[in-house]
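Dear colleague,

I am handing over the structure below, followed by notes on what was found in it. Please read the notes with the structure open.

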Amino acid sequence: MAVLKVAQLGHPILRRRAASVPRDTLRSRDFQRFVDDLIETMREYSGVGLAAPQVHEGFQVLAVEAQKGQGEMPEIPLTVLVNPVVTLLGEAMVEDWEGCLSIPGIRGRVPRHREIRVEALDRRGEALDFTASDFYARVIQHESDHLQGIVFLDRMKSFETLTFLDEYARYWAEE
Ligand code: NI
């Protein structure tokens, strides 16, 4: 396993649409090693999600996980999604803070759909079909956006809430 280099905002791969992963690729040892590395990299940098383009691989793969004790966030089980299709359910939107390992040191408030349906393959090629809500849904929307070349800044209604981490901790974390 290896910790991969994380692409920073401005790297063109973050603005490209990722390619879907062919079924045969899922069976390869290289692909499985890549998924392990993606997970290890997410954990190394304390991210709650990481998408393949963020580690310079233009494929539709993402991982999400929030472990107990990782800030005040609710737990999210380790989930790897390949070729995910996210369907936004209902009209309900929730605004909350987001950050991104590709945009280090910055937070901003982003409106997201409260509930989504996720259809994808898992890392072994088994079909997944589930609904997610609130924080889990937010993280999946953020990461699946990366597969379309979209970053959270694009989803903000305005940049008024953009804040550096020190100022976030000082003025906003307690709200
Ligand atoms: Ni991100």
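**Nickel site and two backbone angles**

Along the chain, the donors of the nickel ion are spaced as C-x41-H-x3-H. Please keep in mind that the model is predicted.

The protein donors behind this pattern are Cys-100 through SG, His-142 through NE2 and His-146 through NE2. They lie 2.1 to 2.2 Å from the nickel ion. Cys-100 and His-146 link distant parts of the chain, being 46 residues apart. Cys-100 belongs to strand β3 (residues 76–100), while His-146 belongs to helix α3 (residues 134–146).

Are these two donors buried or exposed? Cys-100 has a relative accessibility of 9% and therefore counts as buried, the cut-off being under 20%. His-146 is buried as well, with a relative accessible area of 2%.

Two residues deserve a look for their backbone angles. His-56 has a positive phi, near 70 degrees, and is not a glycine. His-56 sits in the loop that runs between β1 (49–51) and β2 (61–66). With a relative accessible area of 30%, His-56 is partly exposed.

The other residue is Asp-134, also not a glycine, with a positive phi of about 50 degrees. Where does Asp-134 lie? Asp-134 is in helix α3, the helix that spans residues 134–146 and holds the donor His-146. The relative accessibility of Asp-134 is 38%, so Asp-134 counts as partly exposed.

Regards

Methods: Residues numbered from 1 in each chain as written. Predicted model: local features only at pLDDT ≥ 70, side-chain atom pairs only at ≥ 80, totals over all residues. Heavy atoms only, no water. Donors = N, O, S within 2.8 Å, 3.2 Å for Na, K, Ca; no water. Helix = DSSP H or I, 4+ residues; strand = E, 2+ residues; numbered from the N terminus. Buried < 20%, exposed > 50% of the residue type's maximum accessible area, 1.4 Å probe, protein only.
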